[in-house]
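Please open the model in your viewer and keep the selection tool at hand. The tour below goes from one selection to the next and says what is found at each stop.

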Amino acid sequence: MKTNPGRFFEDYRLGETIVHAVPRTVSGGERAMYHALYPARHALYSSDKFARACGLQQSPLDDLAAFHIVFGKTVPDISLNAVANLGYAEGRWLRQVYPGDTLRAESTVIGLKENSSGTSGVVYVRTKGLNQDDDEVLEYVRWVMVKKRDLTVPPPAAVVPQLAPVVVPEALVFPKRLDFSRYDFALAGERHRWADYEVGETIDHVDGVTIEEADHMQATRLWQNTSKVHFDVTQRPDGRRLVYGGHIISLARSLSFNGLANAQMIVALNAGAHANPCFAGDTVRAWSEVLGKAETPMPGVGALRLRLVATKGPAFALRGEDGKYLPQVLLDLDYWALIPL
Amino acid sequence: MKTNPGRFFEDYRLGETIVHAVPRTVSGGERAMYHALYPARHALYSSDKFARACGLQQSPLDDLAAFHIVFGKTVPDISLNAVANLGYAEGRWLRQVYPGDTLRAESTVIGLKENSSGTSGVVYVRTKGLNQDDDEVLEYVRWVMVKKRDLTVPPPAAVVPQLAPVVVPEALVFPKRLDFSRYDFALAGERHRWADYEVGETIDHVDGVTIEEADHMQATRLWQNTSKVHFDVTQRPDGRRLVYGGHIISLARSLSFNGLANAQMIVALNAGAHANPCFAGDTVRAWSEVLGKAETPMPGVGALRLRLVATKGPAFALRGEDGKYLPQVLLDLDYWALIPL
Amino acid sequence: MKTNPGRFFEDYRLGETIVHAVPRTVSGGERAMYHALYPARHALYSSDKFARACGLQQSPLDDLAAFHIVFGKTVPDISLNAVANLGYAEGRWLRQVYPGDTLRAESTVIGLKENSSGTSGVVYVRTKGLNQDDDEVLEYVRWVMVKKRDLTVPPPAAVVPQLAPVVVPEALVFPKRLDFSRYDFALAGERHRWADYEVGETIDHVDGVTIEEADHMQATRLWQNTSKVHFDVTQRPDGRRLVYGGHIISLARSLSFNGLANAQMIVALNAGAHANPCFAGDTVRAWSEVLGKAETPMPGVGALRLRLVATKGPAFALRGEDGKYLPQVLLDLDYWALIPL
């Protein structure tokens with residue numbers, strides 16, 4: 001058979017590195033489409049002039065667009081037969097992506113654990129995004145539950161990697177000449193700076209977006225994500241197309257502009273859960289909670305650790321009394337962003 | 001509260017200048033998306049070679065795309081709490097926008113008049129679009145009806161600016177080396193030149209486009225327009241998303257290619273009314289009326305003053321016996337365009 | 001009347017050449033949109049670095065995007081009053097299209113034959129796509145059935161051109177420095193090379209895409225195709241918008257990546273039939289059959305002649321016992337593609 005059936009749980013070997021296919025060169029086109037598909041307004045990713053005033057060579061591709069491109073490349077090898085996308089950890093953005101850059105991806109299997117049912121197992125991979133010079137642009141750990149094809153294959157030795165619960169501030173990587181000391185708050189859209197946010201503070205981002213099939217499918221295709229459930233109504237018993245979880249991440253992050261307009265740059269992904277599925281017709285809102293604050297060595301630059309929650313319901317509700325995510329919660333993301341002091 | 005509640009009527013001061021946020025660098029991506037979202041076919045905005053033959057450095061961003069980008073930036077400060085977008089006047093395009101340019105916007109409050117109800121008022125602003133060198137790329141006056149938040153605030157002294165009913169031909173600004181003397185009518189798509197149009201003449205542009213939610217939302221997001229009613233079904237009692245009025249302007253202008261293919265360049269916006277709301281599912285058509293003609297100092301270049309009407313019904317119907325726009329009329333726009341002699 | 005009514009059968013003259021309007025400059029924007037609208041993954045059209053390793057200057061615009069742009073320009077002159085798009089032959093891609101290139105199109109009438117009914121006739125045109133230097137980028141023959149406006153006009157002398165049933169391998173044109181001898185199969189996504197495909201072999205490409213109105217309309221507008229039936233629900237008695245046949249070609253070709261990831265470059269279109277209409281809501285799948293193989297003079301490069309079938313049903317079904325296409329078959333395309341040896 002010449003088509004890719006995807007890998008099953010027993011096809012992964014601990015320590016192996018998988019080179020993912022279909023490198024991708026980005027241009028101003030990807031940036032324009034990102035702005036058409038999401039209500040993205042962070043000035044650093046909208047204006048070359050603003051980006052230069054902050055020490056960058058020009059406005060980079062949105063950090064999440066870079067993430068989606070790398071993630072998309074991994075799908076045919078990692079999650080084509082995944083039952084669930086279980087979590088993220090130790091994500092870091094290491095280098096900006098500019099028009100003309102070419103991205104590719106590699107994943108190393110760092111953990112394997114068969115489920116007690118014997119019908120599936122959890123695969124842990126550390127994925128790297130690399131540019132045309134083989135510089136790392138980002139990395140993250142993801143773990144997914146993958147079906148077994150052959151139930152008679154004995155389970156591998158269970159290895160569950162020790163993952164940091166949060167990327168420590170010392171591990172954050174900054175653009176070499178990033179400088180927020182002459183930051184233009186008027187052009188950025190809000191006056192709130194690092195000192196204005198307190199740990200424990202919550203922000204309702206107010207705006208909402210009703211999702212269309214064409215929107216989420218175009219976005220997911222743009223990232224060359226091949227997961228069938230996003231595109232083909234025959235893939236699920238309910239005849240619905242599942243919205244790619246990364247679409248919700250970008251949507252929520254874009255909505256968070258309203259209240260976090262100066263949290264310009266994402267530098268780390270500490271954790272993330274796609275709490276419930278999302279479908280066309282859903283109206284997605286977002287709220288944030290400040291989980292931590294850190295200083296940085298860069299001039300005028302502070303870091304905020306933020307919880308970003310996407311929801312179909314009211315702000316600030318997250319878990320029920322049973323500790324489980326409420327049914328209206330779509331995403332619970334924990335990340336570090338850079339903001340002017 | 002860290003999110004932007006928008007300004008209310010009592011928050012505006014006569015004479016103040018508001019610097020709008022989120023500057024935006026454009027690329028070939030915005031041009032491609034414009035062609036995907038509208039049936040735009042004017043050759044000057046499609047072909048670098050055609051544009052160079054007309055004296056420009058390359059094909060500029062569509063004049064209306066430049067308008068929408070500037071307009072979009074004003075929304076969070078001017079029309080987030082607007083009840084109605086009442087009118088436009090004294091609009092002029094002053095400089096072409098090319099890939100790599102960065103646009104920002106400023107508005108000066110030039111008029112304020114509280115309504116007799118005491119619950120809202122009319123705000124008049126003159127908005128300027130500026131590029132990365134602070135050159136003006138366009139300007140226009142817009143007035144909107146904005147709610148009051150605090151009804152006890154006494155009304156400001158009423159100031160209604162004197163606005164020109166039409167931009168006089170002498171005030172039109174032309175690209176420095178614009179030259180239609182070697183204009184290629186075959187490549188432009190029609191043979192009709194300035195001399196072929198008569199004042200009073202009407203043209204049915206024949207074609208129609210049925211609007212989809214994803215189309216109008218993508219367009220409106222591309223312009224970073226944050227008005228909630230375009231994106232969120234919970235914002236209106238009828239559960240429908242209102243199509244951004246500028247989407248109808250671009251749609252009607254693009255449809256007008258069929259009969260006005262040589263009316264290449266928009267140089268002034270004399271007046272405009274969004275006569276009725278438009279929703280996904282509506283099939284939009286357009287017709288034009290020649291309102292005036294003028295010579296210009298540029299070689300081979302004439303100007304036409306055109307009424308552009310977008311409608312869900314038959315061509316040429318505009319107002320009822322009561323003088324009000326008929327319910328099927330969506331847009332009534334009065335503009336100057338440049339056309340070969 | 002100033003609008004274009006389109007040509008009718010009696011308006012064509014044997015031997016005349018029609019210069020089509022609206023030249024178009026492409027950028028990275030068109031490439032990004034192509035990836036958003038189709039699940040396109042062929043590495044040569046995704047990565048500049050991969051394309052350079054194959055001897056090209058950078059990643060070209062997808063061959064089918066170039067085809068659609070040229071085709072779109074012909075619509076107002078050739079098929080605005082067409083009843084049916086009957087066939088393609090002798091299609092060849094002659095030169096790659098890169099960002100910054102400007103495309104235009106010309107068609108020569110090479111055949112005319114009135115139907116026995118006297119109400120319509122078949123028009124055969126040879127269309128050329130040309131770049132800004134007047135280099136040919138592609139050419140193809142297309143024939144369409146066009147209505148007569150004036151039934152009293154006597155029929156022209158019937159001329160039916162002799163068309164090659166297939167482009168012979170000797171007639172294929174290759175990029176000057178194309179070289180697959182150091183081809184990276186891991187980055188391309190599959191290991192199957194020229195030698196691995198056998199004449200008669202069939203491949204089910206497995207994946208499916210459910211079509212949305214916004215997707216097919218955006219694509220068709222991007223190619224500046226003005227055929228009314230794709231955009232306007234009032235054009236057909238059933239109130240449905242017909243999906244542009246070329247949309248199905250691009251969709252099926254993109255889906256064929258899964259099993260033909262290394263069939264990188266389309267160099268000839270031997271024949272093609274839009275077997276049945278397609279509408280939003282349809283879920284499109286694709287299968288291929290290897291019809292032929294040929295060697296080429298380029299290092300490491302072989303050619304495969306492929307049948308590409310788009311279907312709403314199961315793979316491999318094509319025609320009924322009556323020899324007619326089955327109702328679920330949307331497209332039957334015969335083309336040559338280049339693949340590493």
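This is a predicted model, and the tour begins with its enclosed spaces, since the structure holds 16 cavities of 30 Å³ or more. The largest cavity contains about 60 Å³ of space. To find the largest cavity, select Leu64(C), Phe67(C), Trp93(C) and Ile249(C), together with Ile266(C), Leu269(C), Leu333(C) and Tyr335(C), which line it. If you colour chain C by secondary structure, you can see that helix H3 (63-78), strand E8 (265-274) and strand E11 (329-340) of chain C each give at least two residues to this lining. What is the division of the lining residues into nonpolar, polar and charged? The lining of the largest cavity has 8 nonpolar residues, no polar and no charged.

**Between chain A and chain B**

Next, show chain A and chain B together, where 44 residues of chain A are in contact with 34 residues of chain B. The two chains bury about 3000 Å² between them, and 53% of that area is on carbon and sulfur atoms. Select Ala36(A), Arg41(A) and Leu187(A) on this side, for these residues supply 20% of the area that chain A buries against chain B, more than any other three residues.

Now turn to the charged pairs, of which there are 5 salt bridges between chain A and chain B. One to select is the salt bridge of Lys228(B) with Asp207(A), in which the closest N and O atoms are 2.6 Å apart. Between chain A and chain B there are also 24 residue pairs in polar contact, counted where both residues have pLDDT 80 or more. Among the elements of chain A that each supply at least two residues to the side touching chain B are helix H1 (28-37), helix H2 (48-53), strand E7 (202-210) and strand E9 (283-295). The residues on that side of chain A comprise 18 nonpolar, 14 polar and 12 charged.

**Between chain A and chain C**

Hide chain B and bring chain C back, so that you can look at the place where 33 residues of chain A are in contact with 44 residues of chain C. Chain A and chain C bury about 3000 Å² between them, with 53% of it on carbon and sulfur atoms. There are 5 salt bridges between chain A and chain C, and one of them can be shown by selecting Asp207(C) and Lys228(A), whose closest N and O atoms lie 2.6 Å apart.

The residue pairs in polar contact between chain A and chain C, both at pLDDT 80 or more, number 25. On the side of chain A that touches chain C, strand E2 (24-25), H1, strand E4 (102-114) and H5 of chain A are the elements that give two or more residues. Of these, select H5(A), which gives the most to that side, with 6 residues. The side of chain A that touches chain C divides into 12 nonpolar, 12 polar and 9 charged residues.

**A pair within chain A**

Over all chains the count comes to 72 salt bridges, and the last stop is one that lies within chain A. Select Arg95(A) and Asp135(A), which form a salt bridge with the closest N and O atoms 3.6 Å apart. Arg95(A) is in the loop between strand E3 (82-93) and E4 of chain A, while Asp135(A) is in the loop between strand E5 (120-130) and strand E6 (136-147) of chain A, so the pair ties together parts that are 40 residues apart in sequence.

Conventions. Residues numbered from 1 in each chain as written. Chains lettered and ligands numbered in written order. Predicted model: local features only at pLDDT ≥ 70, side-chain atom pairs only at ≥ 80, totals over all residues. Heavy atoms only, no water. Contact = heavy atoms within 4.5 Å. Buried area = accessible area lost by both parts, 1.4 Å probe. Salt bridge = Lys/Arg side-chain N within 4 Å of Asp/Glu carboxyl O. Polar contact = N/O pair within 3.5 Å; in protein donor to acceptor, adjacent residues only side chain to side chain. Helix = DSSP H or I, 4+ residues; strand = E, 2+ residues; numbered from the N terminus. Nonpolar A, V, L, I, M, F, W, Y, C, P; charged D, E, K, R; others polar. 1 Å grid on protein atoms, 1.4 Å probe; cavity = no way out; pocket = protein on both sides within 12 Å on 5 of 7 lines; lining within 4 Å. Points joined across faces, edges and corners; volume = space filled by probe spheres on them.
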